[in-house]
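Please open the model in your viewer, colour it by secondary structure, and keep the selection panel at hand. The tour below moves from one selection to the next and says what can be found at each stop.

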Amino acid sequence: MNEDFLIGTYTSKTSKGMYAVTLNHDHQQLENVRLVAASQKPAYLQQVGDRVFAIKQDGDLGGVASYQLKDGQAELIDQKLGAGAPPAYVGYDQDRKLLYSANYHKGTVTVFKVASDGTLTQTDEVTHQGECGPKPEQDAPHAHYADLTPDKRLAVCDLGMDLVVVYDVSDDGKLTQASRYQSEAGFGTRHLVFHPNGQVAYVLGELSSKLEVLKYDAETGSFSHVQTVATISADWTAHNGAAAIHISSDGKFVYSSNRGENTLAVFAVNDDLTLSHIQSITTAGDFPRDFELSQDETFLVASNQNGDNLTLYARDTTTGQLTLLQQDVACPEPVCVKQWVK
């Protein structure tokens, strides 16, 4: 059995754009890294059916783009670019056919309507304003994530403001703020995932290298604090930036990546939905940005941006723990890893 993954990259060195890699289940190895779309800085992407939505840059312009997947390639359909740096994240709303982008540099969240032919029309944009955190990286609002809650609101992580902002979303793509959750100063709110029960979210702090467990109230669209745990070992004193967070489909294990310590941290989800750290394992590379589970969740593929390589692990679905299978799979500047579901 083979399955493919799409790889979003930076293009500051040798990368040419969006790549793909094949996971050979029988041989337990990654094979055939290849270019599927030439593009500048497709650093984050979402695949939906035969479409890919991705970040895009063109010189001094940045924004989002839609692609058609056909014959193993991704062909550009439409792009919406504006002056300044491109976003950091794109999220997709299948029910309302909306695309969301979070722009770290501008502190903005932008909404696009996706037509049946894949073309994009902007419907709204909000700019975060207000007090920011104490760390040097928190010089301004920095929206880093924008994606749906289980009840179809939009949750936005703002690293600069240590915030999770929740918005109500209208069918025509207009945002109305519903709530704000304030993390501890310097937390550096980056990404989040929800437990399958929809009642708890796990929020990753890039600057603090911590994870917060939050209870979600669907009636009000608001969060409340339950627990905070570290993603790195207590004796790690050098720089670290937590990056990606994912949860297994059974809701029993949470995974996060550490850029600096260069590890994946594994947490068991307790009966009360709090977390217990059970493993840290090397990514066998430098600056791991993202990772993704295989469709049957028996493998995990991690990306090392500065190491220009991918790493493959076997995953024990009972214990949640990882075993290194393959390292040094050459891939230029890999940032985002997504299942290519066909």
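Two strands are taken to pair if DSSP finds at least two bridges between them. With that in mind, and remembering that this is a predicted model, begin with strand E1 and strand E2 (residues 17–24), which are paired in the antiparallel sense over six bridges.

**First stop: the sheet around E1**

Within this pairing, select Phe-5 and look across to E2, where Val-21 stands opposite. Then turn to the other pairing of E1 (residues 2–9), in which six bridges join E1 to E28 and the two strands run antiparallel. Two positions help to fix the register here: Asp-4 stands opposite Trp-340 in E28, and Gly-8 stands opposite Cys-336 in E28.

If you now widen the selection, you will see an open sheet of four strands, in the order E3-E2-E1-E28, with antiparallel pairing. Strand E3 (29–38) and strand E28 (334–340) each have a single partner strand and stand at the edges, so one side of each is left without a neighbour in the sheet. On average, and with direction ignored, neighbouring strands of this sheet are turned by 25 degrees against each other.

Is E1 itself largely enclosed or largely open? Seven of its eight residues are buried, so E1 is largely enclosed by the rest of the structure. Before leaving, add Arg-34 and Lys-342 to the selection of Asp-4, since these three residues are linked in a network of salt bridges.

**Second stop: the sheet from E24 to E27**

Next, select the strands E24, E25, E26 and E27, which form an open sheet in the order E24-E25-E26-E27, again with antiparallel pairing. Its edge strands are strand E24 (288–293) and strand E27 (322–330), each of which pairs on one side only. The average turn between neighbouring strands of this sheet, direction ignored, is 20 degrees.

Zoom in on E24 and strand E25 (residues 299–304), which run antiparallel and are joined by four bridges. Glu-292 can serve as a marker here, as its bridge partner in E25 is Val-301.

Now move to Thr-311, which lies in strand E26 (residues 309–315). How buried or exposed is Thr-311? Its relative accessible area is 0%, and because buried means under 20%, Thr-311 counts as buried. The side chain of Thr-311 makes a polar contact of 3.2 Å with that of Asn-304. Setting aside residues up to four places away in sequence, Thr-311 also touches a set of residues that includes Leu-30, Thr-283, Leu-300, Val-301, Leu-324 and Gln-327.

In the same region, select Glu-297 and Arg-315, whose side chains meet in a salt bridge of 4.0 Å, N to O. This pair links distant parts of the chain, with Glu-297 in the loop between E24 and E25 and Arg-315 in strand E26, 18 residues apart. Both ends are buried: Glu-297 has 15% relative accessibility, while Arg-315 has a relative accessible area of 5%.

**Third stop: the nonpolar cores**

In soluble globular proteins, nonpolar side chains tend to be buried together. To look at this model in that light, select Met-18, Leu-99, Leu-154 and Phe-223, the residues with the most contacts inside the largest nonpolar core, which has 56 residues. Strand E14 (residues 163–169) contributes the largest share of this core, namely six residues.

Taking Leu-154 as the centre of the view, and leaving aside its neighbours within four places in sequence, you will find it in contact with, among others, Tyr-100, Val-109, Leu-148, Val-165, Tyr-167, Val-169 and Leu-175. A second, separate core of 16 residues can be shown next, and Val-200, Val-213, Ile-247 and Leu-275 are included in it.

**Last stop: further salt bridges**

Side chains of opposite charge can pair when their charged atoms come close. The model has a count of 12 salt bridges, and two more of them are suggested for inspection here.

Select Arg-153 and Asp-151, which form a salt bridge whose closest N and O atoms are 2.6 Å apart. Arg-153 counts as buried at 13% relative accessibility, whereas Asp-151 is partly exposed, with a relative accessible area of 30%.

Finally, select Asp-78 and Lys-80, whose side chains meet in a salt bridge of 3.0 Å, N to O. Asp-78 is buried, at a relative accessible area of 15%, and Lys-80 is partly exposed, at 31%.

Note on methods:
Residues numbered from 1 in each chain as written. Predicted model: local features only at pLDDT ≥ 70, side-chain atom pairs only at ≥ 80, totals over all residues. Heavy atoms only, no water. Axes fitted to C-alpha atoms, helices over the stretch in contact; angles between N-to-C directions. Core = buried A, V, L, I, M, F, W, Y, C linked by side-chain atoms within 4.5 Å. Buried < 20%, exposed > 50% of the residue type's maximum accessible area, 1.4 Å probe, protein only. Contact = heavy atoms within 4.5 Å. Polar contact = N/O pair within 3.5 Å; in protein donor to acceptor, adjacent residues only side chain to side chain.
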